[in-house]
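Me: I'd like to go through this structure with you, a piece at a time. Could you start with how the elements are defined, and then take my questions as they come?

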Amino acid sequence: ASVTSSSKSVSKILLVGYTDDVDTDESNVVLGTQRVNFVIDKLVERGVSRTILEGVSKGEQELLPRRIDESIDTWRKRCRRAELKKVSS
């Protein structure tokens, strides 16, 4: 089920923003927050209630493992993400 259709039956949706390893820890926490807030705004535009959405930033704390033969640019792009971590009823 999509987040939009299932949002009526859940009490909390946690989204986590992540960045790559470029820049300082502090600035990456800010970037992760901006990233997750953008996703939250888009979900609200699509009808999800803001009251059930919670966003946090991990910045560069949980980098994805780099794949064999993966370029540094591709790896950094994969690390920049927002993930739906938990949906609870």
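Reply: Helices and strands here are DSSP runs, with at least four residues for a helix and at least two for a strand, and they are numbered from the N terminus. On that basis Glu 70 sits in the loop between strand 2 and helix 3, the latter covering 72-79. Please keep in mind that this is a predicted model.

Me: OK, and how many helices and strands are there in the protein chain?

Reply: The protein chain has 3 helices and 3 strands, and reading along the sequence gives the pattern α-β-α-β-α-β. Its C-alpha trace spans about 40 × 25 × 20 Å along the principal axes.

Me: Back to that loop residue: is Glu 70 buried or exposed?

Reply: Glu 70 has a relative accessible area of 8%, so it counts as buried, the cut-off for that class being under 20%.

Me: Which polar partners does the side chain of Glu 70 have?

Reply: The side chain of Glu 70 reaches the backbone nitrogen of Arg 67 at 2.9 Å, and it also makes a polar contact with the side chain of Arg 78 at 2.7 Å. If neighbours within four places in sequence are left aside, Glu 70 is in contact with Pro 65, Trp 75 and Arg 78, so Arg 78 appears both in that contact list and as a polar partner.

Me: Switching to strand 2, where does Ser 57 lie, and what does its side chain meet?

Reply: Ser 57 lies in strand 2, which runs over residues 53-59, and it counts as buried because its relative accessibility is 18%. A polar atom of the Ser 57 side chain lies 2.8 Å from the backbone oxygen of Val 29, and a polar atom of that side chain lies 3.2 Å from the backbone nitrogen of Gly 59.

Me: And which residues does Ser 57 touch, beyond those up to four places away?

Reply: Ser 57 touches Gly 17, Asn 28, Val 29, Gly 32 and Thr 33.

Me: Now charges: how many positive and negative side chains does the protein chain have?

Reply: There are 16 positive and 14 negative side chains, with the centres of the two sets 7 Å apart. Side chains of opposite charge can pair when their charged atoms come close, and the count here comes to 8 salt bridges.

Me: Which residue forms a salt bridge with Arg 50?

Reply: Arg 50 pairs with Asp 41, their closest N and O atoms being 3.0 Å apart. Arg 50 is partly exposed at 45% relative accessible area, and Asp 41 is likewise partly exposed, at 35%.

Me: What about Lys 58, which partner does its side chain meet in a salt bridge?

Reply: The partner of Lys 58 is Glu 62, at 3.7 Å from N to O. Lys 58 is partly exposed at 27%, as is Glu 62 at 34%.

Me: And Arg 81, buried or exposed?

Reply: Arg 81 is buried, with a relative accessible area of 12%, whereas Glu 83, its salt-bridge partner at 2.7 Å from N to O, is partly exposed at 25%. Arg 81 and Glu 83 are linked with Lys 85 in a network of salt bridges.

Me: Last one, on the whole chain: what share of the residues is buried?

Reply: Buried residues make up 27% of the 89 residues. The chain exposes about 5,600 Å², of which carbon and sulfur atoms supply 52%. Among contacts between residues at least 6 apart in sequence, 70% join residues at least 24 apart.

How values were computed
Residues numbered from 1 in each chain as written. Predicted model: local features only at pLDDT ≥ 70, side-chain atom pairs only at ≥ 80, totals over all residues. Heavy atoms only, no water. Buried < 20%, exposed > 50% of the residue type's maximum accessible area, 1.4 Å probe, protein only. Polar contact = N/O pair within 3.5 Å; in protein donor to acceptor, adjacent residues only side chain to side chain. Contact = heavy atoms within 4.5 Å. Areas by Shrake-Rupley, 256 points an atom, 1.4 Å probe, with all protein chains shown as cover. Lys, Arg positive; Asp, Glu negative; His and termini not counted. Charge placed at Lys NZ, Arg CZ, Asp CG, Glu CD. Salt bridge = Lys/Arg side-chain N within 4 Å of Asp/Glu carboxyl O.
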